[in-house]
Amino acid sequence: MTGSKLLVIQKLMNLKNNKMNNKATKNIGNSGRQFFRASALDFKKITGSPIAYWVSECMSDCYVKGERLNNIAPAKLGMRTGDNDKWLRRWYEISALESNFKSKDSEDAKFSGRKWFPYNKGGDFRRWYGNNEFVIFWENDGQEIKAETLEKYPQLSWDNLGWKITNESDFFKPSLTWSFVSSSNFGVRASLGGAIFDVGGSSAFPESDMYWVIAGFLCSKLVFEFLKASNPTLNFQVVNINGLPWCGSGGNDEAIEVLVKKLVNHVKEDWDSYETSWDFTCLPILQPAYRQMLLKTIYQKLLTHWRQTMLEMQRLEQENNRVFIDAYGLQNELKSDVPLNEITLTCNPYYRYGNNKNEEELETLLLADTMKELISYAVGCMFGRYSLDKPGLILANQGETIADYLKQIPEPIFSADDDNVIPMLDGDWFTDDVTERFSQFLKVTFGDAHYKENLKFIEQALGKNIRKYFLKDFYPDHWKRYKKRPIYWLFSSPKGTFNALIYMHRYRPDTVSVVLNDYLREFRTKLSAHKNHLEAISISSNASTGEKTKALKDIETHRKMIDELDVYEREVLYPLATEQVEIDLDDGVKVNYQKFGEALKKIPGLATKED
């Protein structure tokens, strides 16, 4: 087909919903169907010549007057591990001392002697910053993964690992990374250096003086419109990013740089406010700026801050859109508006929970999740992963003990658990039960005077009392928070009569014996003693008929509980304790958790292959 010919494209359209501003000739045929006439030459303006018949003349002309983004900020494919289960981990699975999040380049990474390094792998839609979850085994400049690649593909060489490990010279450089697949939108995230990148987390590499301006451009509404034209499937490939037209910011580079830095800082602060960030230090609700004795008052102050941040983000993003829309001359086609559900802050309920909920439902969910995050942090303090006395990670390396904790926190205001076992039972059977310890945490953190009021606020947010939350919901919430790679493991009998948490980083080969001897057997002894007491009531002449009836019912319940514990000990826990199971955090949760079989609470999907 030549440029002089007309290409006719027919497509069923809904005239009522048609809002396209198109220079293509629009006609209604005899059949009532709408079709467009457009020159094939117009399609050739757009990189890759897609049949994007809806693209306006102004938009298509941007490809002519601008240069390709590849010339300013080349986008590149990352590596393919070939076996993500083997080479990738969530950062919190492994020992902190084995990780390096700040390498400047390959030599720096190699010289550090560390094994694990950040790995950009895409993830959910999020703009500006975040999705920093994975690390890759890259010890000694990736020697093992390279050797395996050569073994599988002998036609390659050590200096040319082909399509498996591409663009290695760009590893650890600052970049702008994005998620390969999206069903709704596009936006890049600032990767500020120190990371290796994946195909699913492909990256662009602007020159340092253009880094923030290109970040603003790629997060603008404008870019998503161009990408829909070049690849309507919304698989954002390197070729699509490289083919974007770059027409500049209309002389507003300095203003955009200031604006984008603010946006990145806002989103980084948000990302780092949650314990699944490797830069997490402390919950916002516990920071001095919000410190009050009443948890309800603290939450209201924090909520106000979150709302102000959301609105500031919205204002900045709309200004970013306006600058680039004006620079590209598309004011008549695109609006700079940014709906709240596209402000990608975790503290933003419109983004976090979606559009199908009303204001009251969103507020309820946000409050409940904020209280669950407080509970999770409290459990972290119980195990010594965190401390109220010091920000950031405390115990986060394999086999660390209470002695290691006390070296860092000699006089803690809230002590870590001595033996790394925290029972989670229905009743006050142990003084270090998780519910009792949480009560202590609240009193230490917010004071005794308002303890009852603060606990009531938490329980109202959860919709149940705190013990019931721990028994029914805490562990599912935990493994969901940690993407099915939990750092706290739950020893649990078949029907849940006995439950005890341990912290995987503090696990030792004798930990199962501690669970067995100091908790399971002790609990059974206490149950038996209470059963004997109930039997005495059931035959006592001083007991009423009602008391005897209740005692007989409770006796049967206790008998079943004791039988359950007997079976759990005999068939599961005792044999496991004698094995003195060893774990290696480098193997990750998926491998280590399954070594304990039926002793631990089953996690749905744990065995699923990592993408």
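This passage describes the empty spaces and one helix of a predicted model. Local features were taken at pLDDT of at least 70 and side-chain atom pairs at pLDDT 80 or more, whereas totals for chains, interfaces and linings use all residues. Residues are numbered from 1 along each chain, and side-chain values use heavy atoms, without hydrogens and water.

Open and enclosed spaces were located on a 1 Å grid over the protein atoms alone; a cavity is a set of points where a 1.4 Å probe fits but cannot get out, a pocket is an open set with protein on both sides within 12 Å along at least five of seven lines, and lining residues have an atom within 4 Å of a point. Volumes are the space filled by probe spheres set on the points, which are joined across faces, edges and corners.

The largest pocket has a volume of about 1,100 Å³. Its lining comprises 28 residues, of which Asp124, Glu133, Lys480, Arg481 and Lys483 are the closest to the centre. By class, 16 lining residues are charged (Asp, Glu, Lys, Arg), 7 nonpolar (Ala, Val, Leu, Ile, Met, Phe, Trp, Tyr, Cys, Pro) and 5 polar (the others, Gly among them).

The cavities of 30 Å³ or more number 2. The second largest encloses about 70 Å³, and its lining includes Tyr274, Trp306 and Glu373. This lining holds 6 nonpolar, 2 polar and 1 charged residues.

Helix H5 (a DSSP run of H or I, at least four residues) covers residues 139-152. Among its buried residues (under 20% relative accessible area) are Gly142, Ile145 and Leu150.

Conventions
Helices (H or I, at least four residues) and strands (E, at least two) are DSSP runs, numbered from the N terminus. The expected span of a helix is 1.5 Å times one less than its number of residues. Buried means under 20% relative accessible area, exposed over 50%, partly exposed in between (1.4 Å probe, protein chains only).
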